[in-house]
Amino acid sequence: MNNMKIERFEVNPFQENCFIVSDETGEGIIIDCGVFFKEERRALVNYIKDNGISLKHLVATHGHVDHNFGNNTICEEFGLKPEIYHKDEYLMNKLNKQAVEFCNYDLGYEMPPVGKYLNDEDKITFGNHSFSVIPTPGHTPGSIFLYCEQEQLAFSGDTLFKMSIGRTDFELGSYNDIKASLQKIAKLLPPDTTILPGHGPKTTLGYEMQYNPYMK
C-alpha cells in the first residue's frame, strides 16, 4: 500500500468487517459500518477522532443489515448518510425489518435515510484516492466491488470471500448472477488485486481464481 491506511474492525454477531480507509491528507471513508454493540460503536468513533480523520463518505457494499447496523451512529456523530448502489434501495428501506427477520433483533432506533444512490459511473473519492463502483449482483441486486486502481485493491462485500462466495438464498439473491459477476471481475481486475471481503480474511484475486471452486 502506498499512502493508504486501512483499519479493520470485526464486528457484530456476524463477524462482519467494517473498514476505515484513510490517507496522508487526513481524509477517509467508512466501508460497511456494521458496528452493533455499544463498545464497537465507541471504538469506531474513538479511532476516527483519535486519528483526526475527516470522513467524506459512508459506503455500503450492499443492503444487508449486518453491514449497516452502525449507520445511525455515524450519522449522529459525523453527519454522514449512507451511500449504496441504487438496486439495493428496497433492502435499505427495510433494514429494521431485516433485523427482526434475520436476527430477531428489535433495533430500537431508526436508520438514517440513504444520502446517495450510486450508479456505475460514480467514484468514491477522498484525499488523494478514488474508488470505482463495480456492480456485482448476486448476493443482492445492488452488491458492488469498490476498486482502487492506484493501490490495486478491492472491497468485495459479500460477493467474494477467501475460498467462498456470499449466500444467494436470501431474498433477491441469484446464484447465476453472482457467478456472472465473478467472471466479470476475473476479466476486469488484475490477478494481483488485493481483495478485502465483508467477512473473513483478505486474499488476492489471483489466489481465488486458482483455488476458489466458485470461480472455476
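**Disulfides**

I looked for disulfides first and found 0 in the structure. The model is a predicted one. A disulfide is a covalent bond between the sulfur atoms of two cysteines. I then checked how far apart the sulfurs sit.

How far is the sulfur of cysteine 33 from the closest cysteine sulfur? I read 4.5 Å, and the partner is cysteine 18. That is too far for a bond, because a disulfide needs the two sulfur atoms within 2.5 Å. Cysteine 33 counts as buried, because its relative accessibility is 1%.

I went on to cysteine 75. Its closest cysteine sulfur is in cysteine 33, at 11 Å, so I rule out a bond there too: the distance is too far. Is cysteine 75 buried or partly exposed? With a relative accessible area of 22%, cysteine 75 is partly exposed.

**Overall build**

I noted 6 helices and 14 strands in the protein. I looked up the radius of gyration next. The protein has 16 Å, and a compact globule of 216 residues would have a value near 17 Å, so the two agree. Along the principal axes, the C-alpha atoms fill a box of roughly 45 × 40 × 30 Å.

How much of the protein is buried? Buried residues make up 53% of the 216. I also took the exposed area, which is about 9600 Å². Carbon and sulfur atoms supply 47% of that area.

For contacts, I took pairs of residues at least 6 apart in sequence. Of these contacts, 64% join residues at least 24 apart.

**Helix H2**

I turned to helix H2, residues 71–78. Its buried residues are Asn71, Asn72, Thr73 and Ile74. What covers them? I listed strand S3 (27–31), strand S4 (54–59) and strand S5 (82–85) among the cover. Helix H1 (38–50) and helix H3 (89–92) are also included. Glycine 79 follows H2, and its phi is positive, near 75°.

**Positive phi outside glycine**

Most residues other than glycine have a negative phi. I found exceptions.

Asparagine 12 is not a glycine, yet its phi is positive, about 60°. I placed asparagine 12 in the loop between strand S1 (4–11) and strand S2 (16–23). Asparagine 12 counts as buried because its relative accessibility is 6%.

Aspartate 32 has a positive phi as well, near 60°. Where does aspartate 32 lie? I found it in the loop between S3 and H1. Its relative accessible area is 2%, so aspartate 32 is buried.

**Isoleucine 20**

I picked isoleucine 20, which belongs to strand S2. Its relative accessible area is 0%, so isoleucine 20 is buried. Which residues touch isoleucine 20, leaving aside its neighbours within four places in sequence? I listed Lys5, Ile6, Glu7 and Phe9, then Ile29 and Ile30, then Leu44, Tyr47, Ile48 and Ile53.

I also checked isoleucine 20 against isoleucine 124, which is 104 residues away along the chain. Their C-alpha atoms are separated by 14 Å.

**Surface patch**

I closed with the surface. Met163, Tyr207 and Tyr211 make a nonpolar patch of about 280 Å². I located tyrosine 211 in helix H6, which covers residues 205–211. Tyrosine 211 counts as partly exposed because its relative accessibility is 42%.

Conventions. Residues numbered from 1 in each chain as written. Predicted model: local features only at pLDDT ≥ 70, side-chain atom pairs only at ≥ 80, totals over all residues. Heavy atoms only, no water. Patch = residues over 30% accessible without salt bridge, like charges linked within 9 Å, V, L, I, M, F, W, Y side chains within 5 Å. Areas by Shrake-Rupley, 256 points an atom, 1.4 Å probe, with all protein chains shown as cover. Salt bridge = Lys/Arg side-chain N within 4 Å of Asp/Glu carboxyl O. Helix = DSSP H or I, 4+ residues; strand = E, 2+ residues; numbered from the N terminus. Buried < 20%, exposed > 50% of the residue type's maximum accessible area, 1.4 Å probe, protein only. Rg over C-alpha atoms; globule rule 2.2 N^0.38 Å. Contact = heavy atoms within 4.5 Å.
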